[in-house]
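Welcome! Here are some short exercises, each with a worked solution. Have a look at the chain first, then try each task before reading on.

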Amino acid sequence: MRYLIYLVLVCCFVACTSNQQHRFDLVISNVNLIDGTGKPIQSNVSIGIKDGRVTAIDSVSIEGAKNSIDGTGKFLIPGLFDCHVHTSEFEKDFPRFMHYGVTSIFITGGSSCTNEYYASMRSYGNQDTLPAPIVFHTSQHFTMEGRHPLKTYQGNWEDGKTVFLLNDTLQIENLVKEVTQYPIIGIKLTIEDGPHPPWVERMPQAFINKVQKEAMNYDTEVFAHVSDNVELEMAMDAGIQNIVHWTGIDIDFQRDTVLLEKIYQVRPSFITTFMIDKGFLYPLFPEWVADLRQENVFDEAYFENANKPEFLARAEQNMGFWRDYFQKDSVKLADIAAFQVEDIIALSENGIRFALGTDTGFFVMPGYSLHEEMQLLEMGGMEPLDIIKMGTYNAAEMMHAQDSLGSIEMGKIANMVLLDKNPLDEIRNTMAINTVIKRGKVQKRIEK
Ligand SMILES: [Zn+2]
């Protein structure tokens, strides 16, 4: 009996001390803070985290932490968002996103994306034991028979399960009603017919209008895939508020006054996806492949794609397109970035929102390529502070999650990346990752 009392007392003591009230679970002290809102860098700041949220931001050192990280000489940015992701192997890809500080992703459909697959990804993202980003997603693709993405990408496209094939505007209301039962951010609508033969008509305007109208009735938004100015204008005519690619859009501010007027009226948000252009060119640049391989994060077998004749031929063809476009023999990545970033800067200055996304796919790699995306924007002339805002705060706004995510501010979920180098000196420094934190917990990165 005496032994038992002793045991109870010991247990109580252990329980009491381990439960000792710490004001913070984690403190990052004396760090240089880039909070994601676009505000200038603040030096010597301490961040207190409790129950997964930021509960103190102070210029003095903070006492009462269970764990602490000395941030001296380091740089803290919010966890990054990739707003255009596809994955058919999420258990493999999610740790890669986290390894590179991408703590939130937006999945915009795919041939694996049944309701069940979406549910698995969400629950994986909601736990904190295994490294996984927080998952946002659209509905399955709304498209038409024989069009993109079915004719472009092989996969398990099954009408009613991974895709919805529209053939009558009268179906649309029920389909919208069906998909809005799930926690989607919006409806993925593919306006593009597809880049290859057999040539088919684009989705008729009446279908686009109806999807947008029903989306509004059911209190959701449309995320449209367009591949050129004509399709962008069709989306604007319907009043669609989100465009999942910038790719293929080319604004001439003198020529495209009608389109611009419509853009400024609708005020859509855009996702960048510059990485599609770089991804397709990868086989022509062994140095890019070498850099990627050196990361030791991706399967070795994947790199064989860079040497396959069909992919080399396609890369050559893409390069040919750019040579024709710029009317010069040697085209650099900076040329491709510059003419697009120029438009994005001009539109941003007029209040149009841009968020970063990569469109993970051919040499567009989970996590790694979001850093390449940022480098392309810098190459094109955008300031690092603005690029970081596009990959954090703007993205959270697009997901309507800015109350809890997207910046390091009081009360927000503590998703953050501690860097050893200053990303404002050079955006490449976002790759100098020291620690990734999700909901206040230090995340396990991939061991190399
Ligand atoms: Zn995509």
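**Exercise 1. Find which residue of strand 13 stands opposite Ala224, then describe the strands around it.**

*Solution.* Keep in mind throughout that this is a predicted model.
- Step 1: Ala224 has Ile243 of strand 13 opposite it.
- Step 2: Strand 12 (residues 221-225) and strand 13 run parallel and are joined by two bridges.
- Step 3: Now widen the view to an open sheet of seven strands, paired in parallel, whose order is 10-9-11-12-13-14-15.
- Step 4: At the edges are strand 10 (163-165) and strand 15, each of which pairs on one side only.

Some background helps here: strands of a sheet pair through backbone hydrogen bonds, either parallel or antiparallel.

**Exercise 2. Work out in which sense strand 1 and strand 2 pair, and follow the chain on to strand 3.**

*Solution.*
- Step 1: Strand 1 (residues 24-33) and strand 2 (residues 42-50) are antiparallel, with five bridges between them.
- Step 2: Ile28 has Ile47 in strand 2 as its bridge partner.
- Step 3: Strand 2 also pairs with strand 3 (residues 53-58), again in the antiparallel sense and over five bridges.
- Step 4: Here Gly48 is matched with Ala56 in strand 3.
- Step 5: The hairpin of strand 2 and strand 3 has two residues between the strands, and Asp51 takes a positive phi near 50 degrees in this hairpin.

**Exercise 3. Name the residues that coordinate the zinc ion, and say where they sit along the chain.**

*Solution.*
- Step 1: The donors are His84 (NE2), His86 (NE2) and Asp359 (OD), at 2.1 to 2.4 Å.
- Step 2: Along the chain, these donors follow the spacing H-x1-H-x272-D.
- Step 3: His84 belongs to strand 6 (residues 80-85), while Asp359 is in the loop between strand 15 (354-355) and helix 12 (368-379); the pair links distant parts of the chain, 275 residues apart.
- Step 4: To judge burial, use the cut-off of under 20% relative accessible area. His84, with 1%, is buried, and Asp359, with 15%, counts as buried too.

**Exercise 4. Decide how the rings of Trp246 and Phe354 are arranged, then do the task again for Tyr325 and Phe339.**

*Solution.*
- Step 1: The count of aromatic pairs comes to 29.
- Step 2: For Trp246 and Phe354, the ring centres are 5.5 Å apart and the planes stand at 65 degrees. Planes over 60 degrees apart count as edge-to-face, so this is an edge-to-face pair.
- Step 3: Trp246 is in the loop between strand 13 (242-243) and helix 7 (257-266) and Phe354 is in strand 15, so their pairing ties together parts 108 residues apart in sequence.
- Step 4: Trp246 is buried at 0% relative accessibility, and Phe354 is buried at 1%.
- Step 5: The ring centres of Tyr325 and Phe339 are 4.8 Å apart with planes at 40 degrees, so this pair is tilted.
- Step 6: Tyr325 comes from helix 10 (residues 309-326) and Phe339 from helix 11 (residues 333-349), so parts 14 residues apart in sequence are tied together.
- Step 7: Tyr325 is partly exposed at 34%, whereas Phe339 is buried at 16%.

**Exercise 5. Locate the charged residues that lie over the rings of Trp288 and Phe362.**

*Solution.*
- Step 1: Over the face of Trp288 lies Lys278, at 4.8 Å from the ring centre.
- Step 2: Over the ring of Phe362 sits the charged end of Arg314, 4.6 Å from the centre.
- Step 3: Trp288 and Phe362 belong to a cluster linked by ring pairs, whose members also include Phe280, Tyr282 and Phe285.

**Exercise 6. Compare Thr273 with His400: which is buried and which is exposed?**

*Solution.*
- Step 1: Start from the background that most residues other than glycine have a negative phi, and most peptide bonds are trans.
- Step 2: Thr273 has a positive phi of about 45 degrees, and His400 has one of about 55 degrees.
- Step 3: Thr273 is in the loop between strand 14 (269-271) and helix 8 (275-281); His400 is in the loop between helix 14 (393-398) and strand 16 (416-419).
- Step 4: Thr273 is buried at 0%, while His400 is exposed at 52%.
- Step 5: The side chain of Thr273 also makes a polar contact of 2.9 Å with that of Thr247, a buried residue at 17%.
- Step 6: For a cis peptide bond, turn to His148 and Pro149, where omega is about 5 degrees.

Note on methods
Residues numbered from 1 in each chain as written. Predicted model: local features only at pLDDT ≥ 70, side-chain atom pairs only at ≥ 80, totals over all residues. Heavy atoms only, no water. Donors = N, O, S within 2.8 Å, 3.2 Å for Na, K, Ca; no water. Helix = DSSP H or I, 4+ residues; strand = E, 2+ residues; numbered from the N terminus. Buried < 20%, exposed > 50% of the residue type's maximum accessible area, 1.4 Å probe, protein only. Phe/Tyr/Trp six-rings, centres within 6.5 Å; stacked < 30°, edge-to-face > 60°. Lys NZ or Arg CZ within 6 Å of the ring centre and 35° of its normal. Pairing = 2+ DSSP bridges. Polar contact = N/O pair within 3.5 Å; in protein donor to acceptor, adjacent residues only side chain to side chain.
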